[in-house]
Structures are given as structure tokens and as C-alpha cells.
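Here are some short exercises to help you find your way around a new structure. Try each task yourself before you read the solution below it.

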Amino acid sequence: MHNPAVEKEFDRALEAILTRVFRMEDAKASVSFSLKESLKNARIAIAYSGGLDSSVLLHLAHRFAIENDCALFAFHVHHGLNPHADDWLAHCENECIRLGVSFDSQRVQIDPQSGDGIEAEAREKRYRALGEMCRKHDIPLLLTAHHEDDRIETFLLQWMRGAGLEGLAAFPEVRELAAPSMEDAKAVQARKQVFLLRPWSGVLRRDIERYVKNRRIPYVD
């Protein structure tokens, strides 16, 4: 298929999300809005683990960036929890070199004795690292590959924990990525606003898997 549903939904959802974000910024500046003009020379990043979902995100975001004349970066977080973590990092860097996408990575230390559990500790450190890389490269928009299956899983987990309506809505398409404490030595960097975008919240995992198979996109398992 020349333009499968995954591509169409990615473009539709991302354009809708970017329109919301750019309009908010343009409203502050009291200027007229044009998505095409706002995207020119814009800087966008993706969270790139090298897994199936983020590998498809890399390829679609790469195409989108070329078509809209904006700069694309891919950020990888090395958790050091898996013996293959160094190989995953090398794979991600090589794929970005092949595609001509700017790449950066950051290693984090995970405390296995964390009271919140390793998964929660890794998630918190991952988002902090991604935010730091965005601010380092002056990038206000970070895309992640979360999809419909992730949204449903999050909904069920929140429901099982007895979350109220606010908890059940904890999977927004757009949210601000929290900055580190302003007491941090990187306080100037921390002031830069970063939005986390989830353009795939309406796409099923099986459709992404089918896309990978059809396009033969390399990824790590």
C-alpha cells in the first residue's frame, strides 16, 4: 500500500496536535496562524528506544520533517538494565546516521532498591533525560510512540487503582514535560517549555506491526 492507515493517522493526528500547540504560542504573540509557516525551520524530536513502535515513529517523523522543512532529532535513553543496552544504543545511532536524523543519547542510573519499583524509577529517569536533551538542543516538541493499546492499558491500570475521573484521563495527547527544580544548576535550561505529544493515541499496535512488516523497518526486540 502506498499510503497505509498508519501514515494517514500519523499525519492527521500530528497536524491536529501541532495546530493546537502552535496556536497557543501564536495567540500569545497576537499573530495570525499558519501550520505550514509554523513548521518551517521548527525543531521536533522523538523518543527513540529502537523498539518496534519507536522505529516506525522514526521513519514517519523523518518523512514528515522532510515534507514540512523542519529539523528532526532522535533521543535515546540508555537505562543499563539489559545486557544488550549498548547494542540497542549503537543500533539507534546507526539508523539515525543512515536516515540523516540528528541523534543524541543519555545514560541514566536506575536504583534497583527504589521504593517505587524499577519500572517507575526507569520511567521517571527516562522522561527527565528526554526533557534535558530537548532543552539542550532547544527543542520544544517531543513525540512518543504511545498508541491505543498503551492508552487502554493505562486506563485499566488507573481503574484498578481506584482512580477518579482525573486519573482515568491520564493519557492526554499533549502535556507539558515537567522541568527540573529551578534550584538546579541548569535553571536557565529548565525554563524552556517542552511539550510531549502522542500522535498515535488512536492507532492500534497490530496496525503498527503490520506497517513494520510491509516496510521491513529494522528494530530491536
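**Exercise 1. Describe the protein chain as a whole: what does its accessible surface come to, and what share of it belongs to carbon and sulfur atoms?**

Step 1. Keep in mind that this is a predicted model. In it, the accessible surface of the protein chain comes to about 12,500 Å².

Step 2. Carbon and sulfur atoms account for 50% of that surface.

Step 3. Now turn to burial: the chain has 221 residues, and 44% of them count as buried.

Step 4. For the secondary structure, you should find nine helices and six strands.

Step 5. Finally, take the contacts between residues at least 6 apart in sequence: 75% of these join residues at least 24 apart.

**Exercise 2. Find the largest nonpolar core and say which element gives the largest share of this core.**

Step 1. A helpful background idea is that nonpolar side chains tend to be buried together in soluble globular proteins.

Step 2. Here the largest nonpolar core has 40 residues, and F10, L18, I46, V56, L143, L197 and W200 have the most contacts inside it.

Step 3. Helix 3 gives the largest share of this core, with eight residues.

Step 4. There is also a second, separate core of 18 residues, with V77, Y127, A129 and L177 among them.

Step 5. Pick L143 for a closer look. Once its neighbours within four places in sequence are set aside, L143 is in contact with F10, L14, I44, A45, I46, A47, L57, A61 and L197.

**Exercise 3. Locate the largest cavity and work out which residues line it.**

Step 1. Rolling a probe the size of a water molecule over the atoms shows where empty space is left.

Step 2. The structure holds one cavity of 30 Å³ or more, and the volume of the largest cavity is about 30 Å³.

Step 3. Its lining is made up of F10, L14, I44, A61, F64, A65, C70, L72 and L143.

Step 4. Two elements, helix 1 (5-29) and helix 3 (52-68), each give two or more residues to this lining. The largest share, three residues, comes from helix 3.

Step 5. Sort the lining by class and you get nine nonpolar residues, no polar ones and no charged ones.

**Exercise 4. Is N68 buried or exposed?**

Step 1. Start with its place in the chain: N68 lies in helix 3.

Step 2. The relative accessible area of N68 is 10%. The cut-off for buried is under 20%, so N68 is buried.

Step 3. Look for what N68 touches beyond residues up to four places away in sequence: you should find K36, L39 and K40.

Step 4. As a distance check, the C-alpha atoms of N68 and L35 are separated by 9.6 Å, while the two residues are 33 residues apart along the chain.

**Exercise 5. Where do D138 and R216 lie, and what is the phi of D138 and of R216?**

Step 1. Recall that most residues other than glycine have a negative phi.

Step 2. D138 has a positive phi, near 60 degrees. You will find D138 in the loop between helix 5 (118-136) and strand 4 (141-143).

Step 3. R216 has a positive phi too, near 55 degrees, and lies in the segment after helix 9 (205-215).

Step 4. Check the accessibility of each residue. D138 is partly exposed, at 47% relative accessible area, whereas R216 counts as exposed because its relative accessibility is 75% and the cut-off is over 50%.

Conventions:
Residues numbered from 1 in each chain as written. Predicted model: local features only at pLDDT ≥ 70, side-chain atom pairs only at ≥ 80, totals over all residues. Heavy atoms only, no water. Helix = DSSP H or I, 4+ residues; strand = E, 2+ residues; numbered from the N terminus. Buried < 20%, exposed > 50% of the residue type's maximum accessible area, 1.4 Å probe, protein only. Contact = heavy atoms within 4.5 Å. Areas by Shrake-Rupley, 256 points an atom, 1.4 Å probe, with all protein chains shown as cover. 1 Å grid on protein atoms, 1.4 Å probe; cavity = no way out; pocket = protein on both sides within 12 Å on 5 of 7 lines; lining within 4 Å. Points joined across faces, edges and corners; volume = space filled by probe spheres on them. Nonpolar A, V, L, I, M, F, W, Y, C, P; charged D, E, K, R; others polar. Core = buried A, V, L, I, M, F, W, Y, C linked by side-chain atoms within 4.5 Å.
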